[in-house]
Amino acid sequence: MLEINHLRHSYGSHEVLGGIDLKVDEGQLLCIVGPSGCGKSTLLRSIAGLLKPTQGEILINGVPVAGTPDNLAVVFQDYSRSLFPWMSVADNVALPLRRKGMSGARRRTSALEALEQVGLEGAAAKYPWQLSGGMQQRVAIARALAYRPAFMLMDEPFGSVDAQTREDLEDLVLQVRGVHGMTIVLITHDIDESVYVGDRVVVLSKAPSRIVGDLSVGLPYPRDQIATRQLPEFVRLRADVGRLVRGVPG
Amino acid sequence: MTVRKVLRGAIGVAGFLLVAEAAGRLGLIDPTILPLTSTVLGRTIGLAADGDFLSEVGATLLACFAGLLIAIVLAVPAGVALGTLPKVERATRPLLEFLRPIPSLALIPLALFVFIPTHNAKIALIVYACTWPLLINTMYGVRDVDPLAKETLRSFGFGSLAVLWRVTMPSTAPFIATGIRLAASVTLIVAVSVELVAGGEGIGAFLTHMSTGAGNMDFVLAGTIWAGAIGLVANFLLTGAERRLFRWHQERVGGTS
């Protein structure tokens, strides 16, 4: 599905990505963790085609990424800037569907469907700034879902919401992942979150970052915020990821 | 709260008018030089039914509208271009910085010489004066567009033109609206000034004409009051439209500050 070969990127003389090799299978939910400033966002922006990496190549389904890929949607951390304040919630969700040449009526139906999936069917006519932060991020997720991407990228999607909302949104991602057989890459600096949400966790080192750990998460589904986090397997994985992020030998 | 504000303002205006009236009646001000308030107010009301005066007002407003419209058509795209193309902006900046401080009224002789008849010169100067607030506001509005909003649309595979149309323009619209409001307030000043100097038709020409006849100061003042009232109404309407259309912008600005 996604293949990254020898990816390097520098801003001027500052090297952020120091050679990343990564393969993600279809349908996988991969979490990428790393210390702050390690180039996680640079990696994500390169995959999304928003940034041209200095070196290396990225293939999606065997096709090199040049410009922004068609079958991909991004959910950014800063929902308040990523949603358009001059449009209603439904129009925000429907907008990207213009790329698919859908009629206005079909765009609207799809948008309402996606809003229902994230539990916001009642907010369609509202404006983003009339909603709470967590609800706004749900709208952003609905916008990505409506687009029916083969591939969803999430850049610290729950970094700006409170703890309770964060848990709800984590569960939302787990719930929608199966919907269209999406492959999801979620970037986070939260170790617990990566283990709880992912079925695979890749750990990046400090810049110039490389992959220092690649763990498969064998936790059972459905996951539960309380029960899953109590499992010995969860505790062990969290410790492993934590050591890798801190650069402490395990 | 707002009722109280309006009431207080009304009391202020009424008080001023009463003092002026009293000063005239008590002989503190010579009524042959400055007519009584009551006389001026009477004339003001009378002018509203005066067909000749109304056609002068129409001529001024027509020039204002035409000039503003032409300026919008020219300056908004130019502002978008300058805001999105930093190289063009840098190349034109010295010229713009030189032109901008020139008072548009100082260009009246030039305009009257270049554009014939007077009516065209008036519109040309209005266009010139309106260009600045429109150009500058549009330019800053475009620069103010959130890069993440543009990136969001790009990430869904939209091209630069789509991003310009669907993100940059709506996001800049409130700034353009402010530019239009500021420009509109300038149009009346420029129009009346050109009419005062060059005659022709319009409120300014009416004022010049009236002031040449002795004892017509009441008409001059009444005409001035109408000019002020038109400016006030225009500003009120545009401010209201801005609030209504760009509530999302106000909410946002209010939310972050």
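How far apart are the centres of domain 1 of chain B and domain 2 of chain B, taken over C-alpha atoms? In this predicted model, the two centres are separated by 31 Å, and I would like to begin with that pair of domains before turning to chain A and then to the place where the two chains meet.

The domain assignment of chain B gives residues 1-32 as domain 1 and residues 35-256 as domain 2. Where these two parts touch, 6 residues of domain 1 of chain B are in contact with 5 residues of domain 2 of chain B, and about 490 Å² is buried between them, with carbon and sulfur atoms accounting for 60% of that area. On the domain 1 side, the residues that lose the most area to domain 2 of chain B are Leu17(B), Glu21(B) and Pro31(B), which together make up 69% of what that side buries. The count of salt bridges between these two domains is 0, although the rule does find 3 residue pairs in polar contact across their interface. Sorted by class, the side of domain 1 of chain B that touches domain 2 of chain B holds 3 nonpolar residues, 1 polar residue and 2 charged residues.

Let me move on to chain A. Here domain 1 is written in two segments, 2-71 and 150-246, while domain 2 covers 83-148, and the centres of the two domains, again taken over C-alpha atoms, lie 24 Å apart. In this interface 16 residues of domain 1 of chain A are in contact with 12 residues of domain 2 of chain A, and the buried area comes to about 1,200 Å², of which 65% is given by carbon and sulfur atoms. Three residues, Asp70(A), Leu172(A) and His180(A), supply 39% of the area that domain 1 of chain A buries against domain 2 of chain A, which is more than any other three residues.

Asp70(A) deserves a second look, as its side chain also meets that of Arg99(A) in a salt bridge, at 2.7 Å from N to O. The rule finds 1 salt bridge across this domain interface, together with 3 residue pairs in polar contact. As for secondary structure, β7 (151-155) and α6 (163-176) of chain A each supply at least two residues of the domain 1 side, and the largest share of that side, 6 residues, comes from α6(A). By class, the domain 1 side comprises 11 nonpolar, 3 polar and 2 charged residues.

Finally, which helices of chain B supply at least two residues each of the side that touches chain A? Before answering, I should set out the interface itself, in which 20 residues of chain B are in contact with 25 residues of chain A, and in which the two chains bury about 2,200 Å² between them, 65% of it on carbon and sulfur atoms. The count between the chains is 2 salt bridges; Glu151(B) and Arg45(A) meet through their side chains in a salt bridge of 2.6 Å, N to O, and the rule finds 8 residue pairs in polar contact across this interface. The helices in question are α7 (147-155), α8 (160-198) and α11 (247-256) of chain B, and α7(B) gives the most to that side, with 8 residues. The residues on the chain B side divide into 9 nonpolar, 4 polar and 7 charged.

Key
Residues are numbered from 1 along each chain as its sequence is written. Chains are lettered from A and ligands numbered from 1 in the order in which they are written. This is a predicted model: local features need pLDDT of at least 70, side-chain atom pairs count only at pLDDT 80 or more; totals for chains, interfaces and linings use all residues. Side-chain values use heavy atoms; hydrogens and water are left out. Domain bounds come from an automatic or database domain assignment. Contact means heavy atoms within 4.5 Å. Buried area is the accessible area (1.4 Å probe) that two parts lose on being put together, summed over both. A salt bridge is a side-chain nitrogen of Lys or Arg within 4 Å of a carboxyl oxygen of Asp or Glu. A polar contact is a pair of N or O atoms within 3.5 Å; within protein, one must be able to donate a hydrogen and the other to accept it, and residues adjacent in sequence count only if both atoms are side-chain atoms. Helices (H or I, at least four residues) and strands (E, at least two) are DSSP runs, numbered from the N terminus. Ala, Val, Leu, Ile, Met, Phe, Trp, Tyr, Cys and Pro count as nonpolar, Asp, Glu, Lys and Arg as charged, and the others, Gly among them, as polar.
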